[in-house]
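Subject: Structure handover

Hi,

Here is the structure I promised to pass on. Please open it and keep it beside you as you read.

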Amino acid sequence: MQILPIENDDEFDSLHEEWNGLLERSASNGVFLTWEWLRTWWKHLAERRKLSILALRNEGQLVGLAPLAIRPAAFQRLFPFRCSEFLGCGTAGSDYLDLIIREGSEAEALEALAPYFSRANRMLEFGQLKSGAQATRLARSLERHGWRSTTTTVGTCPKIDLHGHTWNSYLAGLSSDHRYNVRRKTNALAKNFEVTFERVENEAQRGPALRALIDLHKKRWLEHGDSDAFHTAGHEAFHEEFTRLALERGWLRMDVLRLNGQPAAAIYALRYGASVSFYQSGFDPQYGKYSVGLVAMAMSIHSAIEEGAEEYDFLHGTEAYKFHWAAGSRDLERIQLYPPGFRGWCQQTVLGGRKRARDWFRPAVPEPVAR
């Protein structure tokens, strides 16, 4: 088993076909681990990180990837040392990050990675992990090599099991109040406006739909405070490029709800495998009394059922509206790993103090009610 560092853009680009082929044969398969998502993130949102992907090859064949970057020290954030973390982290909204290992090669790959990281002697942070992640198995292996770790639940992803459902059978499983509301609001829109729900099908539609979504999202958040979804030029450039790639791959599910021809709400989702992942939305507050956000969400879920999706994943966030639609959820974890010895002890001590300071000054926020 060879471990080959990938440290420049040309080497990253050369992995494109192998990367996605390996991902499809791994237990970690998901849209936020595709080459398209992570390469685009690296281009637009990497900031001062250093590329540090590890490619694992067995007799020349790619059997594993550790999609990592090195985050520099940030003294102003009380983070005075470098750390290896997943590509895609930060405010991009990437969930279910992980190592990518070909099924059947996990034990051998993890056995090779553990001593490699021990030699590097650098803190590791694996974020946005779901249950059973390969990174969790690696953490347990590193602990046997003397590493210390902390595991924190960092989010919850509400989700809908659509397997076997029609739209009517799915609606029947919702609360009576919510089911009535969906039907009443949908009928009210049809009564008062000419309603269209347009899906992006080609490149000519994609750019204007993305612009409409971003504008609607920002309009919505003007009333509720700032959002970090499209708050920088880098984030907008990221989505401009990624949605183009996602459309080419057949993953993009971007829909615009129009009333009398005008954009009133928009949904940005991704279909990958059997799952549709809801990524972002926006709506015009002037139509708030008509609940255009609720109607657009209903239409998006309806479309997912019609095309045979088995799951509608709301990704991380415990906003109450998600639980109006979703009965199930999965947790996300972050594992921080500290190397053996004095350096690791110092790192753990500093971060422990940083967390206590944050908890001390953070105002208490009530948990959203799941309905």
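Below are my notes on confidence, one helix, two residues and a pocket.

First, the ground rules. This is a predicted model, so local features need pLDDT of at least 70, side-chain atom pairs count only at pLDDT 80 or more, and totals for chains, interfaces and linings use all residues. Residues are numbered from 1 along each chain as its sequence is written, and side-chain values use heavy atoms, with hydrogens and water left out.

Confidence: pLDDT is the predictor's confidence in each residue, from 0 to 100. The protein averages 92, and 92% of the residues score at least 70. Over residues 361–371 the pLDDT is below 50. Where pLDDT is low, the predicted coordinates should not be read in detail.

Helix α3: helices are DSSP runs of H or I with at least four residues, strands are runs of E with at least two, and both are numbered from the N terminus. α3 covers residues 35–45, and nine of its 11 residues are buried. Buried means under 20% relative accessible area, exposed over 50%, and partly exposed in between (1.4 Å probe, protein chains only). Among the buried ones are Trp 35, Trp 37, Trp 41 and Trp 42. Just after α3, Glu 47 takes a positive phi of about 55°.

Tyr 279: this residue sits in strand β13. Its relative accessibility is 11%, so Tyr 279 counts as buried. Contact means heavy atoms within 4.5 Å. Leaving aside neighbours within four places in sequence, Tyr 279 touches eight residues by that test, including Trp 37 and His 239. Its side chain also makes a polar contact with the side chain of His 239 (3.4 Å). A polar contact is a pair of N or O atoms within 3.5 Å; within protein, one must be able to donate a hydrogen and the other to accept it, and residues adjacent in sequence count only if both atoms are side-chain atoms.

Arg 206: look in helix α8, residues 203–222. Arg 206 is buried, at 2% relative accessible area. Its side chain makes a polar contact with the side chain of Thr 243 (2.9 Å). Beyond four places in sequence, its contacts include Glu 240 and Leu 247.

One more place to look: which strands each supply at least two residues of the lining of the second largest pocket? They are β12 (262–272), β13 (275–283) and β14 (311–313). Lining residues have an atom within 4 Å of a pocket point, on a 1 Å grid over the protein atoms alone; a pocket is an open set where a 1.4 Å probe fits, with protein on both sides within 12 Å along at least five of seven lines.

Best wishes
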